[in-house]
Amino acid sequence: MNEPAYEPEERTSNGGRRRVGSEYEFVTHDLDRAVRRGRGETRAAGDGDPASGGPNGPGASALYCERWHGFSDPDELTYGRYVMLQEDAEKVVHGVMNKYDRAAHDFLLGPEWLDALGELFTPLRYPLYGLQQVESYLGVLAPTSTAANAAAFAAADLLRATSVVAQRTRRLQMRHRTRSFAARDRAVWKDTPSWQPTRRAVEAALAASEFGEALTAVNLVLWPALDSALFRSFGQVARANGDDLTWLLLASLANDAERNLRWSTALARYAVRERPANGEVFQVWADRWAPRAAEAVEPLAAAIADLPRAMSADDVNEAAAEVVAESLASTRAGG
């Protein structure tokens with residue numbers, strides 16, 4: 001027998017009438033079989049089903065709430081809304097790329113800036129892909145369907161980011177055939193000193209098996225830090241160097257990162273509000289991952305500072321540190 005469709009919890013107005021649930025509530029809340037009503041809700045990141053991160057599974061987490069169902073994505077994204085949102089974003093991206101192609105934009109870039117793109121932009125698809133893998137894992141371990149959906153959309157955002165960087169890389173490769181765009185990106189990612197702290201941090205995040213630690217490592221620390229340094233700071237430097245195309249593409253990706261940060265910090269605040277002791281749990285992870293993010297950004301900031309018309313390394317580092325600090329404030333009581 002099929003289980004009845006989800007009905008939002010009863011909420012009454014002054015007249016005592018039941019509020020009709022929104023589309024988001026009907027298609028998102030209370031869909032995880034492992035945490036449905038009647039199946040038990042006193043759990044960490046899962047209970048009973050190893051695939052959902054139960055205590056015997058790989059994702060059992062010290063992050064604990066008696067009731068996870070009260071969390072909602074601040075943007076109330078459904079699959080339909082997400083598809084329409086990103087369809088519009090992709091139309092903008094493709095329109096911008098085609099516009100700058102017609103203007104022969106890439107042929108007008110100087111050799112120093114082309115070097116910069118090969119060192120700091122085209123290898124980006126490697127860390128983005130690593131973050132995407134962790135985000136997909138978060139979706140599997142999420143303690144409630146609302147968080148699972150948000151993580152799925154975030155994983156799709158990172159796939160989109162990888163795709164945008166790959167498309168830009170291919171166009172650079174086609175227009176500058178004497179250079180090694182794409183061909184040496186993996187070697188840059190694996191061997192260039194400025195990328196190695198980031199590579200170590202992403203690889204460590206891939207080994208974070210607990211839901212709460214993976215959420216902290218990627219959504220609250222690494223992704224915000226790299227967004228600040230490589231989407232925003234590097235994007236501003238790209239604009240200063242006449243590469244408006246790269247600046248516009250990175251700005252689009254930064255919008256996705258900002259949306260991911262909204263639901264991630266909202267989930268952290270919810271967990272701490274429901275159980276203040278979760279603040280101490282988050283603090284352990286924050287102490288572990290914030291230094292790794294700072295270590296990752298520092299050589300990237302130095303590389304950005306060496307570019308023409310660049311901002312200072314201190315400015316890049318400080319901007320990233322501020323974003324991470326604001327993000328981690330959500331993991332403290334009253335944050």
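**Exercise 1. Glu 76 and Ala 104 in their loops**

Task: In this predicted model, decide whether Glu 76 is buried, partly exposed or exposed, and find the loop that holds this residue.

Solution.
- Step 1: Glu 76 has a relative accessible area of 38%. Buried would need a value under 20% and exposed a value over 50%, so Glu 76 counts as partly exposed.
- Step 2: Follow the chain to the loop between helix H1 (23–28) and helix H2 (79–102), where Glu 76 is found.
- Step 3: Check the backbone. Phi of Glu 76 is near 50°, which is a positive value in a residue other than glycine.

Now try Ala 104: what is the value of its phi, and which loop does Ala 104 lie in?
- Step 4: Phi of Ala 104 is near 55°, again positive in a residue other than glycine.
- Step 5: Ala 104 belongs to the loop between H2 and H3. With a relative accessible area of 30%, Ala 104 is partly exposed.

**Exercise 2. The overall fold**

Task: Count the helices and strands of the chain, then ask how much of the chain is buried.

Solution.
- Step 1: There are eleven helices and zero strands. Read from the N terminus, the elements run α-α-α-α-α-α-α-α-α-α-α.
- Step 2: The chain has 335 residues, and 52% of them count as buried.
- Step 3: Turn to the contacts between residues at least 6 apart in sequence: 76% of these join residues at least 24 apart.
- Step 4: Look at two examples in space. Cys 65 and Asn 278 are 213 residues apart along the chain, yet their C-alpha atoms are separated by 8.5 Å. Ala 240 and Ala 310 are 70 residues apart in sequence, with 7.7 Å from C-alpha to C-alpha.
- Step 5: Place two of these residues. Cys 65 sits in the loop between H1 and H2 and is buried, at 1% relative accessible area. Ala 240 lies in helix H8 (residues 211–240) and is partly exposed, at 40%.

**Exercise 3. How H3 meets H5**

Task: Describe the crossing of helix H3 (residues 111–121) and helix H5 (residues 145–175). Which residues make the contact?

Solution.
- Step 1: The two axes come within 12 Å and cross at roughly 145°. H3 passes H5 in a left-handed crossing.
- Step 2: H3 contributes Leu 114, Leu 117 and Phe 121, while H5 contributes Val 165, Arg 168 and Leu 172.
- Step 3: Sort these by class: the contact has five nonpolar, no polar and one charged residues.
- Step 4: Consider the spacing within a helix. An α-helix has 3.6 residues a turn, so residues three or four places apart point the same way.

**Exercise 4. His 176, after H5**

Task: Find what the side chain of His 176 reaches, and say whether His 176 is buried or exposed.

Solution.
- Step 1: His 176 is in the loop between H5 and helix H6 (185–191).
- Step 2: Its relative accessible area is 12%, so His 176 is buried.
- Step 3: The side chain of His 176 reaches the backbone oxygen of Asp 106 at 2.8 Å.
- Step 4: Leaving aside neighbours within four places in sequence, the contacts of His 176 are Asp 106, Phe 107, Leu 114 and Phe 181. Leu 114 also takes part in the contact of H3 with H5.

**Exercise 5. The nonpolar core and H8**

Task: How many residues does the largest nonpolar core have, and which helix gives the largest share?

Solution.
- Step 1: The largest nonpolar core has 87 residues. Those with the most contacts inside this core are Trp 113, Leu 117, Leu 124, Phe 231, Phe 234 and Phe 282.
- Step 2: H8 supplies the largest share, 17 residues.
- Step 3: Take Phe 234 as a case. Beyond neighbours within four places in sequence, its contacts include Trp 113, Leu 117, Phe 121, Leu 250 and Ile 304.
- Step 4: Compare Ser 233, which lies in H8. Ser 233 counts as buried at 4% relative accessibility, and touches Ser 228, Met 311 and Val 316 when residues up to four places away are not counted.

**Exercise 6. The buried residues of H7**

Task: Which residues of helix H7 (residues 196–206) are buried, and which helices do they pack against?

Solution.
- Step 1: Gln 196, Pro 197, Thr 198, Ala 201, Val 202 and Ala 205 are buried.
- Step 2: These buried residues of H7 pack against helix H4 (125–141), H6, H8 and helix H10 (278–305).

How values were computed
Residues numbered from 1 in each chain as written. Predicted model: local features only at pLDDT ≥ 70, side-chain atom pairs only at ≥ 80, totals over all residues. Heavy atoms only, no water. Axes fitted to C-alpha atoms, helices over the stretch in contact; angles between N-to-C directions. Helix = DSSP H or I, 4+ residues; strand = E, 2+ residues; numbered from the N terminus. Left-handed = near helix turned anticlockwise from the far one by under 90°. Contact = heavy atoms within 4.5 Å. Nonpolar A, V, L, I, M, F, W, Y, C, P; charged D, E, K, R; others polar. Buried < 20%, exposed > 50% of the residue type's maximum accessible area, 1.4 Å probe, protein only. Core = buried A, V, L, I, M, F, W, Y, C linked by side-chain atoms within 4.5 Å. Polar contact = N/O pair within 3.5 Å; in protein donor to acceptor, adjacent residues only side chain to side chain.
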